[in-house]
Amino acid sequence: MRADRVFAYGAAAGLLGDLLLGDPRRGHPVAVFGRAAGAVERVLWRDHRGWGALHTAVCVGGATGLAALAGRSVRGSRAASVALTAAATWSVVGGTSLGREARAVGGALAAGDIEVARERLPHLCGRDPQALDADGIARAVVESVAENTSDAVVGALVWGAAAGVPGLVGFRAVNTLDAMVGHRSTKYRRYGWASARLDDVVGWPGARLTAVLAAAAGSDPQGAVRAWRADAVKHPSPNAGPVEASFAGALGVRLGGTLSYAGRVEHRPVLNGGGRAVEVGDIERAVRLSRRVGLLALGVSVAGRLLVNGLRTKGRTS
């Protein structure tokens, strides 16, 4: 079976597995990678960019290399190749768990139980929940759903289409490592620099595709494109900016503003300033938009892989 068809069948099966089952409760491969990366950090950590770059190379290179070896070991079996692609896709995408956690916070807010909502919020993002009221929590959830649609679904599918199982695993390794050491704390400002920059690079195509698909799948395509063009560059993250701005415009809401991370206050630019303030009901709308974007991303990624392979085949036979 051709590699493009292996990806098509395997990615579709893996995404279906995520939709039906969500993430595994125990022994999640991403958690295993996180523990291994933590062990490497304990050995290598120095307040120096070079040591951080070595950490990134060891962790990402190791995960990608193991994925490549696994792919090579099943190359002779069509069924095993599809199964490996499906398992890798299911392991690295997290759209169902993202929606489940967002809805849990939204349910608590709808019930008027802000303390439960504050307890659940750290499952989605690193904001300081005690610094947020109900509207602030709802806005944080919508922003997290937007950003993680790119990080946990679309970006992985894009790299899977480009590089198969190693692309799926490598992307998630980079993204996970960035979440662990890529933030601007005193400890990781230098050590996590390489991980953060690599995440910016590999996240670029998925973020742009997410923004495009959010505009196409949302209720206000023109508003999404307008917010993306006007406000994305104002965001401190080159990848979160287009995604959050497009989601804001598509949903007709206003995102951004003052944030608090572990006592550190950030004043971020407002995205889609003409929109209304986020309400609790917008969490469900964001989750539904995220799911539509994920399904469209699967279609685009598979179509892109099939098209590229078809052009290569045509070029060899002409």
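Angles over 145 degrees between helix directions count as roughly antiparallel. Keep that cut-off in mind for the first of these close-ups of a predicted model.

**View 1. Helices α5 and α7 pack against each other.** Helix α5 covers residues 95–110 and helix α7 covers residues 134–181. Their axes are 10 Å apart and make an angle of about 175°, so α5 and α7 are roughly antiparallel. Look for Leu 98, Ala 102 and Val 105 among the α5 residues in the contact, and for Ile 137, Val 141 and Val 145 among their α7 counterparts.

**View 2. Leucines make a nonpolar patch on the surface.** Leu 16, Leu 19, Leu 20, Leu 21 and Leu 295 form this patch of about 490 Å². Helix α1 (residues 3–21) gives the most to it, with four residues. Find Leu 20 in helix α1: with a relative accessible area of 65%, Leu 20 is exposed.

**View 3. A salt bridge links Lys 187 and Glu 41.** The closest N and O atoms of the pair are 3.7 Å apart. Lys 187 sits in the loop between α7 and α8, and Glu 41 in helix α2, so the bridge ties together parts that are 146 residues apart in sequence. Lys 187 is partly exposed at 42% relative accessible area, while Glu 41 is buried at 8%.

**View 4. Arg 288 and Glu 284 meet in a salt bridge within helix α11.** Here the N to O distance is 3.0 Å. The two residues are four apart, about one turn of the helix. Salt bridges with shared partners also join Arg 276, Glu 279, Asp 282 and Arg 285 into one network.

Key: Residues numbered from 1 in each chain as written. Predicted model: local features only at pLDDT ≥ 70, side-chain atom pairs only at ≥ 80, totals over all residues. Heavy atoms only, no water. Patch = residues over 30% accessible without salt bridge, like charges linked within 9 Å, V, L, I, M, F, W, Y side chains within 5 Å. Areas by Shrake-Rupley, 256 points an atom, 1.4 Å probe, with all protein chains shown as cover. Salt bridge = Lys/Arg side-chain N within 4 Å of Asp/Glu carboxyl O. Buried < 20%, exposed > 50% of the residue type's maximum accessible area, 1.4 Å probe, protein only. Axes fitted to C-alpha atoms, helices over the stretch in contact; angles between N-to-C directions. Parallel < 35°, antiparallel > 145°, perpendicular 65-115°, else oblique. Contact = heavy atoms within 4.5 Å.
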